[in-house]
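Ready for some practice in reading a protein model? Work through each exercise on your own before you look at the solution.

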Amino acid sequence: METRPSSSSLTPATNLNLDRLKVLKLLGKGATGTVFLVHDSVSDSSVSSPFALKLVDKSSASSLRRARWEIQILRRLSDDTNQNPFLPKLLASSSESSEFIAWALPYCSGGDLNVLRHRQNDGVFSSSVMKFYLAEIVCALDHLHTMGIAYRDLKPENILLQESGHVTLTDFDLSCSLNKPTRPEFYLSDPESDPNSESKLSHKRSLRIFRQKKKKTKSARVNPITRRRLSFSGGEQSNSFVGTDEYISPEVIRGDGHDFAVDWWALGVLTYEMMYGETPFKGRSKKETFRNVLMKEPEFAGKPSELTDLIRRLLVKDPTKRLGFRRGAAEIKEHAFFRGVRWDLLTEVLRPPFIPLRDDGELTGKVTAESGFGIKEYFEKLKTPPLPLSHECPENNPFVDF
Ligand SMILES: Nc1ncnc2c1ncn2[C@@H]1O[C@H](COP(=O)(O)OP(=O)(O)OP(=O)(O)O)[C@@H](O)[C@H]1O
């Protein structure tokens, strides 16, 4: 009998049976969850449709709360009749076992934008590559904001590349539900001001000099800051203290209450990092980073350009004066840097700058249905002391990344 591919037959209503899933690979580990590439050993024994499975250990009450919230957001995104191509779909979730809460997502085989940036010459993207990724990210944020969701965790590590080379935002546990802004101009698309700046980039040359002037500091941006006050949903603003140090906005640090404009601030930080290979406000400590976010203006190497103008307008400390505050994504889409982008045709017309190589062997060769580990077995194994190195065979051992 022909077996049905697993991920294509999953729906958000499907109840995943964790006992049938086999781990092919560890995809990542964040502050709350562990993400595996898995396949269903019964319905997909030939490993034709593997998918990503995020597992969260239920022993931490806050992780559990955040996991349930993330599933709720993903379900909303999946139920939306007008699905956005740059946001993930919930494929299925498992009924909660005593130990885990788990859900399935489409596998993004291209890794994340942080890894991709480090593979570039000088560790930065060209302006045209940035335009492609930023346009897709703006579309994804626009869609979330239209649904009343502030994302609040934009950073390169959370921007994954699909097999097609297009982006997908991931990790929604810090997002929150807000009422849509009541200011009427938010819904207008009237670009009375054109924030154009005509000068050209002489970017890479000045980048080296600029970097020499800056001190190197250690990266500490994996763990989101814990909430001061839990508020997943509420009114027009949220007061919770969330985000990753270098991406956090001034209004969040001040505890002023914040809204969708925090995502446009983070877009400014992201754009800066894609351009210069480092974030604009990073200090030697969290305290110094926060002081910089509140007080320091971003430094730009080289001549002013449309790109630096965009960043400058996004990194305005006062959220009410920030690009995107008044009319949302429309203001950003109208910026000169995005001139020529066909926003309605992003998925069809543009050829993504990088297409992940399809490594079939990775999925079906070295680790097969027979050799894949069960989820529970995987975690059990982690609790036992490792074998001496001489007994390990790294090529076939999916635990090596741990
Ligand atoms: N659908 C996917 N396809 C491929 N890799 C994925 C997928 N989802 C997540 N990952 C990988 O797993 C990592 C951790 O996932 P995620 O960010 O959702 O976990 P988290 O515990 O919520 O992280 P954080 O510490 O940022 O809150 C990601 O950075 C990415 O490398």
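**Exercise 1. Work out the order of the strands in the open sheet, and find which strands stand at the edges.**

Step 1. The open sheet is made of 7 strands in the order 1-5-6-4-3-2-11, with mixed pairing. Strands here are DSSP runs (E, at least two residues) and helices are too (H or I, at least four), numbered from the N terminus. Two strands pair if DSSP finds at least two bridges between them.

Step 2. Strand 1 (15-16) and strand 11 (373-374) each have a single partner strand, so one side of each has no neighbour in the sheet. These are the edges.

This is a predicted model, in which local features need pLDDT of at least 70 and side-chain atom pairs count only at pLDDT 80 or more, while totals for chains, interfaces and linings use all residues. Residues are numbered from 1 along each chain as its sequence is written, and side-chain values use heavy atoms, leaving out hydrogens and water.

**Exercise 2. Find how the strands at the edges are joined to their partners.**

Step 1. Strand 1 runs parallel to strand 5 (residues 92-94), joined by 2 bridges. Asparagine 15 has serine 93 as its bridge partner.

Step 2. Strand 11 is joined to strand 2 by 2 bridges, and the two run antiparallel. Here lysine 22 is opposite glycine 374.

**Exercise 3. Describe the pairing of strand 2 and strand 3.**

Step 1. These strands pair in the antiparallel sense over 7 bridges, and lysine 25 of strand 2 faces leucine 37 in strand 3.

Step 2. With 3 residues between them, strand 2 and strand 3 form a hairpin.

**Exercise 4. Find what surrounds the ligand, and which polar contacts the ligand has.**

Step 1. The ligand is surrounded by 20 residues (a heavy atom within 4 Å of it). Ala31, Gly33, Lys54, Pro106 and Asp171 are the closest.

Step 2. Look for polar contacts, which are pairs of N or O atoms within 3.5 Å. A backbone N or O atom of glycine 33 is 2.7 Å from a ligand oxygen. A polar backbone atom of proline 106 lies 2.9 Å from a ligand nitrogen. In aspartate 171, a side-chain N or O atom is 2.7 Å from a ligand oxygen.

Step 3. Strand 2 (21-29), strand 3 (33-40) and strand 4 (51-57) each give at least two residues to the shell.

How values were computed:
A polar contact is a pair of N or O atoms within 3.5 Å; within protein, one must be able to donate a hydrogen and the other to accept it, and residues adjacent in sequence count only if both atoms are side-chain atoms.
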